[in-house]
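Trainee: I am new to this structure and would like to understand its main features.
Mentor: Please look at the model first, and then ask your questions.

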Amino acid sequence: FDDVFEHASEGGATMKYLPGFADACVRGSADADSDVRQASVYGLGLMGQTMGQNFTPYVPGALQALAAVIRDPSARDDDNITATENAVSALGKLCEHQTQNIDAKTIFPSFLACLPLTEDAIEARAVHAQLARLLQNDTYKSYLLGENNENLARAILIFAEVMPTASSSDKVRLCDQETATAMKNTLVQMQSTMPGDALAAAFAALDPQKQAALQTCMA
């Protein structure tokens, strides 16, 4: 069913499967088997991305299901981390494609707080590319960073951890070069549009190693 919805479109023939599949994915996200949880949260993200307003009735349940996976005390255990990072990816899809159906000022920062992804490199590259794209949109950026840029330090930390990996091997590369360039451009834009003390404080919150790595990426 994940494959079906990966190629679905709003108003397409897959609409008839939506109620049953959405409910199954919500239930499956709580399954004891991590593979079932992973497939289920992935499915929730796909439906949020492809089903448009048809997914509106299922958004609250999807958010609750994803939050339960992400916040589980064992979420970062080896057996669970892939399902957890897929749940974060699904949360990002709901942020971008179901914005009107969520409390954006709360959910976007919750998504940002889950980043960077570090274990599933393929998923990490996709999600960090999405983050770079969202930050290039003024509305999404305001949701992510907060009204008073209170989440700026988190965004800078993510950049500092992700950008230096752009030239690494596939196994550990957390973003591609295009994403690193987009993040660099966002930082340059921030330097000209944000209060200097806010950026300075965010940069100062990094440890010296991350400060040096980020400076190298910005050179």
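The exchange below concerns a predicted model and takes up its fold, its cysteines and its pockets.

Trainee: How many helices and how many strands does the secondary structure of the protein chain come to?
Mentor: From the N terminus on, the elements run α-α-α-α-α-α-α-α-α-α-α-α. The secondary structure therefore comes to 12 helices and 0 strands.

Trainee: What is the radius of gyration of the protein chain, and why is the chain as compact as a globular protein of its length?
Mentor: The C-alpha trace spans about 50 × 35 × 30 Å along its principal axes. For 219 residues the globule rule gives 17 Å, and the value for this chain is close to that, so the chain is as compact as a globular protein of that length. The radius of gyration is 18 Å.

Trainee: What share of the residues in the protein chain is buried?
Mentor: A residue counts as buried when its relative accessible area is under 20%. Cys95, at 0%, is buried, and Cys175 also counts as buried at 0%. Of the 219 residues in the chain, the buried ones make up 48%.

Trainee: How many disulfides does a search of the whole structure find?
Mentor: A disulfide needs two cysteine sulfur atoms within 2.5 Å. For Cys95, the nearest cysteine sulfur is that of Cys114, 9.4 Å away. For Cys175, the nearest is that of Cys217, 8.0 Å away. Neither Cys95 nor Cys175 is in a disulfide, and the search of the whole structure finds 0.

Trainee: Which element gives the most to the lining of the largest pocket?
Mentor: The largest pocket has a volume of about 200 Å³, and its lining has 8 nonpolar, 3 polar and 1 charged residues. Leu63, Arg71 and Cys114 are among the residues that line this pocket. Two or more lining residues come from each of α4 (59–71) and α6 (104–113). With 7 residues, the element that gives the most is α4.

Trainee: Which element gives the most to the lining of the second largest pocket?
Mentor: The second largest pocket has a volume of about 170 Å³, and its lining has 6 nonpolar, 2 polar and no charged residues. Among the lining residues are Ile156, Phe203 and Met218. At least two of the lining residues come from each of α10 (177–193), α11 (196–204) and α12 (208–218). With 3 residues, the element that gives the most is α12.

Definitions and conventions. Residues are numbered from 1 along each chain as its sequence is written. This is a predicted model: local features need pLDDT of at least 70, side-chain atom pairs count only at pLDDT 80 or more; totals for chains, interfaces and linings use all residues. Side-chain values use heavy atoms; hydrogens and water are left out. Buried means under 20% relative accessible area, exposed over 50%, partly exposed in between (1.4 Å probe, protein chains only). On a 1 Å grid over the protein atoms alone, a cavity is a set of points where a 1.4 Å probe fits but cannot get out, and a pocket is an open set with protein on both sides within 12 Å along at least five of seven lines; lining residues have an atom within 4 Å of a point. Grid points are joined across faces, edges and corners, and a volume is the space filled by probe spheres set on the points. Helices (H or I, at least four residues) and strands (E, at least two) are DSSP runs, numbered from the N terminus. Ala, Val, Leu, Ile, Met, Phe, Trp, Tyr, Cys and Pro count as nonpolar, Asp, Glu, Lys and Arg as charged, and the others, Gly among them, as polar. The radius of gyration is taken over C-alpha atoms; the globule rule is 2.2 Å times the number of residues to the power 0.38.
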